[in-house]
There are 2 protein chains.
Amino acid sequence: MLVSELSERAEVPLATVKYYLREGLLPAGEPTGPRRAEYDECHLRRLRVLRLLREVGEVPVASLRQIVDALDDADLPVHDAMAVIADVISAGPEPGAQDPDALEMVDDLITSMGWDRIRAESVDRIRLAGLVSMLNGPGPLGASPEVLQFYAGLADHLAKTEISLVDHSADRSRLLEDMLTGSVVYGQVFAILRQLGHEHHHAEVVQAAASGTPGA
Amino acid sequence: MLVSELSERAEVPLATVKYYLREGLLPAGEPTGPRRAEYDECHLRRLRVLRLLREVGEVPVASLRQIVDALDDADLPVHDAMAVIADVISAGPEPGAQDPDALEMVDDLITSMGWDRIRAESVDRIRLAGLVSMLNGPGPLGASPEVLQFYAGLADHLAKTEISLVDHSADRSRLLEDMLTGSVVYGQVFAILRQLGHEHHHAEVVQAAASGTPGA
DNA sequence: GTTGTAAGATAGTGGCGATATCCAAGTTGC
DNA sequence: GCAACTTGGATATCGCCACTATCTTACAAC
């Protein structure tokens with residue numbers, strides 16, 4: 001297929017497709033002449049993944065480039081590619097000052113969960129420490145080890161189930177793309193369901209309080 | 001305290017504090033003269049909340065204004081204020097074409113969870129339908145009712161626990177600010193823990209597959 | 001008084017994600 | 001064979017957003 005068809009099928013403006021080609025997010029098509037090139041289903045899939053990451057995951061274009069580099073590096077084992085991708089997606093603008101206490105809390109949590117496969121350089125580990133440090137700073141919110149354990153237990157259950165559901169027999173690029181998009185989209189799905197749960201349960205306690213203290 | 005002290009204590013650049021005052025995110029201080037005004041702890045708390053929502057939650061400034069409007073409207077009951085805030089935070093750029101099938105799946109899910117307090121206009125409900133529609137479109141990922149139920153069950157448990165932990169006896173603005181910041185920060189905490197869980201469990205299945213098929 | 005800084009208003013900056021325009025070279029319809 | 005159209009490719013421009021810098025006036029403290 002030609003660029004214009006690619007653009008139509010993915011419902012992405014032609015100018016944007018060209019932009020992605022320019023940025024190296026989308027590999028160039030197979031040239032069939034000096035001013036002509038052919039694109040296939042892989043390009044279409046890749047383009048859909050890119051748009052999903054941008055629109056649902058709000059991943060910046062610069063990060064997308066790092067992600068496709070990992071995706072397309074056939075020498076990189078699947079698990080290492082996922083690690084690179086996880087780091088890129090979690091990377092924020094904030095290196096921030098390290099808080100040793102918070103980092104220790106996080107490492108204790110990781111140990112108590114038996115998560116012995118987490119890399120020490122994991123961006124998520126550092127970022128979590130940043131959040132914990134923020135929670136334990138000024139303000140009424142606090143992150144006790146018990147509360148963190150509760151969250152981690154739930155997250156472990158969710159993550160374990162999700163990993164068990166992926167079809168590990170697919171070929172490398174499909175596998176990576178599916179894990180990536182699944183992680184992003186279902187992450188959003190869960191976040192929204194949590195919000196909906198808040199709305200429902202908050203309504204219930206408010207009503208209970210109102211009927212329990214009718215004159216207050 | 002004076003603006004400069006407010007800026008120092010919250011570790012926010014003075015120019016940014018002035019910007020927030022201009023935008024109406026931060027109420028003006030009590031004027032003690034034609035060119036002088038006094039700020040108190042409420043301003044400091046509010047400023048910290050605003051920065052947290054921006055930095056952790058990546059909430060746009062325009063949304064912050066809508067949020068503080070709800071926060072400061074003393075006539076708005078707490079639950080209604082939370083509903084407004086939830087809608088503002090979940091609002092994306094995408095009204096998008098409605099997919100009746102996806103919306104029906106979402107409504108079935110909501111019914112099966114017993115979530116009878118969700119407003120029909122809830123932005124989250126619509127957004128979830130958008131994601132489901134995307135999952136059931138082209139691509140290998142699919143959102144079956146069973147999978148959605150699994151996510152919703154977990155989300156319900158999490159949300160219920162979180163709601164039970166908030167101190168409902170605090171005064172209105174503290175209560176709202178705490179629920180809001182808690183929701184945003186712990187949402188991030190959970191998301192990161194999920195990622196860490198993925199990293200650990202994926203490493204385990206990869207290793208199991210490698211030792212199970214040593215010569216493949 | 002002199003100096004420093006607050007408050008307030010106005011204008012400017014930088015990053016990012018596209019989008020628009022132009023051009024030379026092929027392709028297609030006739 | 002010829003004209004109209006489209007493609008790939010390069011360059012320029014746009015719009016939004018979150019700040020940030022500058023300037024002015026007036027008060028406060030020494």
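The paragraphs below lead through a predicted model, beginning with the two protein chains, then turning to one helix, and ending with the two DNA strands.

A good place to start is where the protein chains meet. In chain A, 71 residues are in contact with 71 residues of chain B, and the two chains bury about 7,200 Å² between them, with 71% of that area on carbon and sulfur atoms. On the chain A side, the residues that lose the most area to chain B are Arg117(A), Tyr151(A) and Tyr186(A), which together account for 10% of what that side buries.

One helix of chain A deserves a closer look, namely α5, which covers residues 78–90. Because a helix should span 1.5 Å a residue, the 13 residues of α5(A) are expected to span 18 Å, and its end C-alpha atoms are indeed 18 Å apart. The buried residues of this helix include His79(A), Met82(A), Ile85(A), Ala86(A) and Asp87(A). The buried residues of α5(A) pack against α4, α7 and α9 of chain A, and also against α9 of chain B.

Turning to the DNA, we can take strand C first. It has 21 residues around it, of which Thr16(A), Pro34(A), Arg54(A), Val3(B) and Ser4(B) come nearest. Of the atoms of strand C within 4 Å of the protein, 72% belong to sugar or phosphate, while the rest belong to bases. Individual contacts illustrate each kind of partner: the side chain of Arg54(A) has an N or O atom 2.8 Å from a phosphate oxygen, a polar side-chain atom of Arg36(B) lies 3.1 Å from a sugar or linking oxygen, and the side chain of Arg22(A) places an N or O atom 3.2 Å from a base oxygen. The largest share of the surface near strand C comes from α2(A), which gives five residues, and by class this surface has 10 nonpolar, two polar and nine charged residues.

Strand D is likewise surrounded by 21 residues, and the closest are Val3(A), Ser4(A), Arg36(A), Thr16(B) and Tyr20(B). Here 74% of the strand D atoms within 4 Å of the protein belong to sugar or phosphate. Phosphate oxygens of this strand lie 3.1 Å from an N or O atom in the side chain of Thr16(B) and 3.1 Å from a polar side-chain atom of Tyr20(B), whereas the side chain of Lys18(A) has an N or O atom 3.4 Å from a base oxygen. Near strand D, α2(B) gives the most to the surface, with five residues, and the residues of that surface divide into 10 nonpolar, two polar and nine charged.

Conventions: Residues are numbered from 1 along each chain as its sequence is written. Chains are lettered from A and ligands numbered from 1 in the order in which they are written. This is a predicted model: local features need pLDDT of at least 70, side-chain atom pairs count only at pLDDT 80 or more; totals for chains, interfaces and linings use all residues. Side-chain values use heavy atoms; hydrogens and water are left out. A residue is near a molecule or strand if one of its heavy atoms lies within 4 Å of it. A polar contact is a pair of N or O atoms within 3.5 Å; within protein, one must be able to donate a hydrogen and the other to accept it, and residues adjacent in sequence count only if both atoms are side-chain atoms. Helices (H or I, at least four residues) and strands (E, at least two) are DSSP runs, numbered from the N terminus. Ala, Val, Leu, Ile, Met, Phe, Trp, Tyr, Cys and Pro count as nonpolar, Asp, Glu, Lys and Arg as charged, and the others, Gly among them, as polar. The expected span of a helix is 1.5 Å times one less than its number of residues. Buried means under 20% relative accessible area, exposed over 50%, partly exposed in between (1.4 Å probe, protein chains only). Contact means heavy atoms within 4.5 Å. Buried area is the accessible area (1.4 Å probe) that two parts lose on being put together, summed over both.
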